[in-house]
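I opened a fresh page for a structure that was new to me. Here is what I looked up, in the order I went through it.

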Amino acid sequence: MQLSKRLQAVANLVGETGVVADVGTDHGYIPVFLVSSGKAERAIAMDVNAGPLARAQEHIRQFGLEGQIEPRLSDGLSALQPGEAQSIVIAGMGGALMTRILADGQDIARTVGRLVLQPQSELRSFRRFLAGHGYRIVE
């Protein structure tokens, strides 16, 4: 699967992982890429809307990854259990929404080894939120 430059940059930051959760998965390209390329053993593709999740399911089926990628209807991290994923991707949405997702799901977010975050707006305030809540920006 060929990713856009933006999505490829996000996928590269995930590195190799056991289970990755993609919050706001939309079309499911990141989990499909990570699992099909062997960078992730499994993935959880989550979206708040049924339409995008259906598109993700189509891509999951297209690549024969039904046993390795689980789609979930989820508002932010609400459908993820503590310790269920080693990495979380939240990309392609505004910084204010990402702030809400992390604030509401902080008990979950704190259980993973790596968060890959790519806000589309409100970068300064999002970085302030991260710093104020003990997150460290590595790359």
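**Entry 1: the fold along the chain.** I read the elements along the sequence and got the pattern α-β-α-β-α-β-β-α-α-β-α. My tally for the protein came to 6 helices and 5 strands. A reminder to myself: this is a predicted model.

**Entry 2: overall dimensions.** I looked up the radius of gyration and found 14 Å, which agrees with the value near 14 Å that a compact globule of 139 residues would have. Taken along the principal axes, the box filled by the C-alpha atoms is roughly 40 × 25 × 25 Å.

**Entry 3: inside and outside.** How much of the protein counts as buried? I noted 45% of the 139 residues. The exposed surface is about 7,200 Å², and carbon and sulfur atoms supply 47% of it. I then turned to contacts between residues at least 6 apart in sequence, and found that 67% of them join residues at least 24 apart.

**Entry 4: charges.** I located the 14 positive and 14 negative charges and compared their mean positions, which are 8 Å apart. Side chains of opposite charge can pair when their charged atoms come close. That made salt bridges my next search, and the whole structure gave 5 of them.

**Entry 5: D26 and R55.** I began with the salt bridge between D26 and R55, where the closest N and O atoms are 2.6 Å apart. What does this pair tie together? D26 sits in the loop between β1 (17-23) and α2 (29-36), while R55 belongs to helix α3 (residues 50-62), so the pair links parts that are 29 residues apart in sequence. I checked the accessibility of both partners: D26 is partly exposed at 28%, and R55 is partly exposed at 39%.

**Entry 6: R72 and E84.** Next I looked at R72, which forms a salt bridge with E84 at 2.4 Å between the closest N and O atoms. R72 lies in strand β3 (residues 69-73) and E84 in the loop between β3 and β4 (87-93), so this bridge ties together parts 12 residues apart in sequence. Is R72 buried or exposed? With a relative accessible area of 13%, R72 is buried. I also followed the links onward and found E70, R72 and E84 joined in a network of salt bridges.

**Entry 7: R100 and D104.** The salt bridge between R100 and D104 has its closest N and O atoms 3.1 Å apart. Both residues are in helix α4 (residues 95-104), and being 4 residues apart there puts about one helical turn between them. I found R100 partly exposed, with a relative accessible area of 33%, whereas D104 is exposed at 59%.

**Entry 8: backbone angles.** Which residue of the loop between β1 and α2 did I come back to? It was D26, which has a positive phi of about 55 degrees although it is not a glycine. So my D26 notes now cover a backbone angle and, from earlier, a salt bridge with R55, because I met this partly exposed residue in both searches.

I added E122 to the same page, with a positive phi near 50 degrees in a residue other than glycine. E122 is in the loop between β5 (114-119) and α6 (123-132). At 39% relative accessibility, E122 counts as partly exposed.

Definitions and conventions:
Residues are numbered from 1 along each chain as its sequence is written. This is a predicted model: local features need pLDDT of at least 70, side-chain atom pairs count only at pLDDT 80 or more; totals for chains, interfaces and linings use all residues. Side-chain values use heavy atoms; hydrogens and water are left out. A salt bridge is a side-chain nitrogen of Lys or Arg within 4 Å of a carboxyl oxygen of Asp or Glu. Helices (H or I, at least four residues) and strands (E, at least two) are DSSP runs, numbered from the N terminus. Buried means under 20% relative accessible area, exposed over 50%, partly exposed in between (1.4 Å probe, protein chains only). The radius of gyration is taken over C-alpha atoms; the globule rule is 2.2 Å times the number of residues to the power 0.38. Contact means heavy atoms within 4.5 Å. Accessible areas come from the Shrake-Rupley method with a 1.4 Å probe; for residues, only the protein chains shown count as cover. Lys and Arg count as positive and Asp and Glu as negative; His and the chain ends are not counted. The place of a charge is taken as NZ of Lys, CZ of Arg, CG of Asp or CD of Glu.
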